[in-house]
Amino acid sequence: MTRAPASLRSLLLRRLWLPLLLLLLVSAVASFALARHYAGQVYDRWLWDSAMALSQLLYVRDGNAGIAMSDATARMFRWDTVDRVYGQVADNGHLLFGDRPLPAPAVPGNGEPLYYDAWIDGEAVRAVQVAIALPGARRPVLVRVAETRIKRHRLERRLLLSSLPLQAVVLLLAAAALRWGTAAVVGNVNRATQRLAAFDVQQLRPLPLHGDSPRELQPALDAINTLIGRLVDAQQQQQRFVANAAHQLRTPLAALQVRLESALRETDGDARRAALDAVLDGLTRLHHLTHQILMLNRSETAGSGALRLRPLDLAALCRDELERHADRAIAQGADLGYDGPEQGVPVEGEAQLLREMIGNLLDNALRYGRRDGRVTLSLSATPPTLRVDDDGPGIPAGERARVLERFYRLDTDGDGCGLGLSIVSEIANLHGARFALEASPEGGARATVAFPGSAG
């Protein structure tokens with residue numbers, strides 16, 4: 001069962017939901033950590049204030065520090081409805097205030113208040129140590145204040161619980177905005193799609209980009225317009241080909257009809273035979289034209305992906321085609337020659353198409369060269385390159401591009417149909433070869449087909 005393609009909206013939502021959720025979670029954690037940090041600073045400040053309150057009770061007598069601490073003051077200092085508060089004042093290890101020594105920080109202080117975490121009776125506490133320098137005292141007095149972390153933990157939980165609903169609301173608002181935004185984007189895409197669906201395929205005009213269409217659709221629209229342009233060119237080329245082919249076929253068919261009617265009216269045997277010979281000559285030309293049209297269609301079909309290249313010996317193909325055209329060359333008194341190796345010129349190609357290409361080059365040279373002239377097929381191996389030279393009238397430089405157009409013929413005495421060189425060019429392109437026309441050292445035209453390299 002074929003799986004239905006996902007919609008653009010669902011694709012956008014799937015791609016954006018997870019990053020958005022992770023972003024909100026990170027934001028919640030960061031907000032909680034920031035609130036916890038500042039709340040910790042507030043409680044640390046209270047510890048320092050308590051330590052400084054103890055320092056206000058210190059005095060110096062005979063160079064020794066003491067503390068004016070009454071039981072009521074001690075109870076007031078330790079009083080807290082939630083946490084347990086511990087205090088210690090010591091002078092050179094001598095305890096001035098406090099029931100027990102409090103844990104010291106892992107790192108000695110440098111004169112500034114030192115905050116640290118510790119444990120007392122199995123409970124985690126937060127503590128501060130302050131070194132108080134008293135006038136007349138021999139050494140600084142160490143004041144330490146510690147407090148359990150119950151209030152801190154309660155505040156952290158309260159901050160966390162209060163931030164979760166806020167983050168949930170933000171998440172819902174973001175989801176609504178995301179859904180609204182994707183709906184708007186998909187709506188624009190749908191409107192552009194509707195305009196594409198209403199496109200008139202009979203006219204094949206480029207599609208305009210409307211003002212409400214997303215700019216991101218421009219590359220797709222450019223690609224569609226490029227495709228439309230290619231379709232227009234292909235359609236026009238096909239129409240020209242069909243019109244030219246119909247014209248080329250209609251003319252010899254009409255001539256054959258006239259000659260057959262003339263032959264049927266003739267009562268003289270010699271005259272009837274001459275008329276039938278003319279009909280046979282017309283049929284031969286019509287057969288050649290039909291073959292060229294079919295071969296051109298086959299080369300175009302091969303260009304659409306059906307071409308299968310195999311290792312071939314180009315020298316063997318050239319010699320086979322020379323032998324096939326030898327009788328014709330002898331009949332018209334032409335000198336048909338070959339200049340190249342007997343074998344061993346490997347190329348990747350399709351044998352029938354390459355034979356047709358070589359045959360068209362030889363046919364074109366024999367057809368448009370001098371009747372008793374000279375035609376030479378030359379072949380070199382590195383890289384594989386074949387040339388066909390004749391000593392006929394040649395092809396003017398300004399016409400060499402036009403003779404590759406279908407059904408275009410020069411004003412010469414030849415009886416070709418104007419497809420031979422078009423077929424050669426098409427087959428050369430299919431094989432990655434370069435086809436060129438130039439003046440021949442023999443005085444006529446030279447056709448060159450240069451292949452990209454050796455197959456072996």
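**Exercise 1. The crossing of two helices**

Is the crossing of α6 and α7 left-handed or right-handed? Describe also how these two helices pack.

*Solution.* The structure is a predicted model. Two packed helices are described by the angle between their axes and the distance between the axes.

Step 1. The angle at which α6 and α7 pack is about 35 degrees, and their axes are 9 Å apart.

Step 2. The crossing of α6 and α7 is right-handed.

Step 3. On the α6 side, the residues that make the contact include L314, L317, C318 and L322. On the α7 side, they include L354, I358, L362 and L366. Charged residues also take part, among them R324 of α6 and D363 of α7.

Step 4. Sorted by character, the residues of this contact are nine nonpolar, two polar and seven charged.

**Exercise 2. The mixed sheet**

In what order do the five strands of the open sheet with mixed pairing stand, and which strands are at its edges?

*Solution.*

Step 1. The order is β9-β11-β12-β14-β13.

Step 2. The edges are formed by β9 (335-339) and β13; each has a single partner strand, so one side of each lacks a neighbour in the sheet.

Step 3. From one strand to the next, the twist averages 15 degrees.

Step 4. Consider the pairing next. β11 (residues 374-380) pairs with β12 in the antiparallel sense over six bridges, and a hairpin of four residues joins the two strands. β12 also pairs with β14 (residues 445-450), antiparallel over five bridges. β14 in turn pairs with β13 in the antiparallel sense over six bridges, and in this pair F435 stands opposite V449.

Step 5. T385 in β12 illustrates the central place of its strand in this pairing pattern: S380 stands opposite T385, and the bridge partner of T385 in β14 is A450.

Step 6. Two helices lie across this sheet. α6 covers β9, β11 and β12, running at about 170 degrees to β9. α8 lies across β13 and β14, at about 140 degrees to β13.

**Exercise 3. Burial and the nonpolar cores**

Why is strand β12 described as largely enclosed by the rest of the structure? Then identify the residues with the most contacts inside the largest nonpolar core.

*Solution.*

Step 1. A residue is buried if its relative accessible area is under 20%. In β12 (residues 385-390), five of the six residues are buried, so the strand is largely enclosed by the rest of the structure.

Step 2. In soluble globular proteins, nonpolar side chains tend to be buried together. Here the largest nonpolar core has 39 residues, and M357 and L386 have the most contacts inside it.

Step 3. The elements that each give two or more residues to this core include α6 (314-331), α7 (351-368), β12 and α8 (420-430). The largest share, eight residues, comes from α7.

Step 4. Leaving aside residues up to four places away in sequence, L386 touches, among others, C318, M357, L361, L379, V449 and F451.

Step 5. A second, separate core has 18 residues, including I67, V89, V128 and V145.

**Exercise 4. The antiparallel sheet**

What is the strand order of the open sheet with antiparallel pairing?

*Solution.*

Step 1. The five strands have the order β4-β3-β7-β6-β5.

Step 2. β4 and β5 are the edge strands, each pairing on one side only. The twist averages 30 degrees from one strand to the next.

Step 3. β5 pairs with β6 over seven bridges in the antiparallel sense; in β6, Q129 is the bridge partner of L114.

Step 4. Helix α2 (residues 71-78) lies across β3, β4 and β7 (141-148), at about 125 degrees to β3.

**Exercise 5. Backbone exceptions**

Which two residues does a cis peptide bond join? Describe also the backbone of N92 and D121.

*Solution.*

Step 1. Most residues other than glycine have a negative phi, and most peptide bonds are trans.

Step 2. The cis bond joins T382 and P383, with omega about -10 degrees. P383 is placed in the loop between β11 and β12.

Step 3. N92, although not a glycine, has a positive phi of about 55 degrees. N92 is in the loop between β3 (85-91) and β4 (94-97), and is exposed, with a relative accessible area of 60%.

Step 4. D121, also not a glycine, has a positive phi of about 55 degrees. D121 is in the loop between β5 (114-120) and β6 (123-132), and counts as exposed at 59% relative accessibility.

Technical notes. Residues are numbered from 1 along each chain as its sequence is written. This is a predicted model: local features need pLDDT of at least 70, side-chain atom pairs count only at pLDDT 80 or more; totals for chains, interfaces and linings use all residues. Side-chain values use heavy atoms; hydrogens and water are left out. Buried means under 20% relative accessible area, exposed over 50%, partly exposed in between (1.4 Å probe, protein chains only). Two strands pair if DSSP finds at least two bridges between them. A nonpolar core is a set of buried Ala, Val, Leu, Ile, Met, Phe, Trp, Tyr and Cys residues joined through side-chain atoms within 4.5 Å. Contact means heavy atoms within 4.5 Å. Axes are lines fitted to C-alpha atoms, for helices over the stretch in contact, and angles run from 0 to 180 degrees between N-to-C directions. A crossing is left-handed if the near helix is turned anticlockwise from the far one by less than a right angle, and right-handed if clockwise. Ala, Val, Leu, Ile, Met, Phe, Trp, Tyr, Cys and Pro count as nonpolar, Asp, Glu, Lys and Arg as charged, and the others, Gly among them, as polar.
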